[in-house]
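The exercises below follow one strand pairing and then one ring pair, each with a worked solution. Please look over the model before reading the steps.

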Amino acid sequence: MGVRHAFPLATINAAVLACGVLVAASIGPGTPEALAPTDPAKAHPAVSAEPADAVASAIPSAAPAADPSPAPPHAVRTPVPARRAAPVTRTVSRTGWGPYARVGPVTLHFPGSVVEVVGLHQSGHDGAQPQQPVEGGTRIGLMDSRKRDTNAAGAADIVVDPSHELRSPVTGTVLRAGTYTLYCDYVDQYLVVEPAARPGWEVKLLHFQGLAVGKGDRVQAGVTVVGSGARTLPFTSQVDEHTVAPHWPHVHVEVVDPSVPDRPSGGGCD
């Protein structure tokens, strides 16, 4: 299935998307750069390389065409060896649950301990605040435009190891959590936390499973387990262009100022 571009989330009062396009190098403080599609043949600096979950099988060479003329005496036909696909490595960073971005007084931590890439993109909510990457070894940058006039870095799609637990990206109090219907068809889970550093704002986490906290719970960034792992979505996301196949799932993180009126974006479920 192709990339889906509309994402009404009435249950959590936000409309967000599935993902966009990334840079092949880590960036520090400053304006986020654009991310280029991943080239499996090139290694990325400041990260560790791990084998991908699958390697392409050998490609047999074509059979030689029949030669109607007799071979000269003592002629030897040397077989052409089969060509094998080069092994593919997955380039990841081990985050230690540390910070990946700041939004005003709010510090956002990686929700996963092993991350392949972070793609920043336009949120569907007008109140989404721009995320400023912090210096580190993880690849992070801007995705392609979503053709809307919200901030280009208002949300992040963080590609994580699906076998690892998820922890809270921020310190604060859970405002609401539960399930909603993604794209009118798919069950997904969400978490909304009011950050202690900026009461009144909302930090949202989407696309995960095994919800482990509820309304009123106090959570600590990089410490409190909030889910058993990222959810594998049943369709292709743009961020997959910047990861190694088989593609890992991603979680969505954004910080919203709900005092900013959110314009209707359409695409509601019939």
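**Exercise 1.** Find the residue of β6 that is the bridge partner of Ala101, and place the two strands in their sheet.

*Solution.* In β6, Leu108 is the bridge partner of Ala101. The model is predicted, with local features requiring pLDDT of at least 70 and side-chain atom pairs pLDDT 80 or more, while totals for chains, interfaces and linings use all residues. Residues are numbered from 1 along each chain as its sequence is written, and side-chain values use heavy atoms, without hydrogens and water. Strands are DSSP runs of E with at least two residues, numbered from the N terminus, and two of them pair if DSSP finds at least two bridges between them. β5 and β6 pair in the antiparallel sense over 4 bridges. The open sheet has 3 strands in the order β6-β5-β8, with antiparallel pairing, and its edge strands are β6 and β8 (132–133), each of which pairs on one side only.

**Exercise 2.** Classify the ring pair of Tyr100 and Phe110, and decide whether each residue is buried or exposed.

*Solution.* Rings of Phe, Tyr and Trp (its six-membered ring) pair if their centres lie within 6.5 Å, and planes under 30 degrees apart count as stacked, over 60 as edge-to-face and the rest as tilted. The whole structure holds 4 aromatic pairs. In that of Tyr100 and Phe110 the centres are 5.4 Å apart and the planes at 45 degrees, so the pair is tilted. Tyr100 lies in strand β5 (residues 99–103), and Phe110, 10 residues apart from Tyr100, in the loop between β6 (106–109) and β7 (114–121). Buried means under 20% relative accessible area and exposed over 50%, with partly exposed in between (1.4 Å probe, protein chains only). Tyr100, at 2% relative accessibility, is therefore buried, and Phe110, at 7%, is buried.
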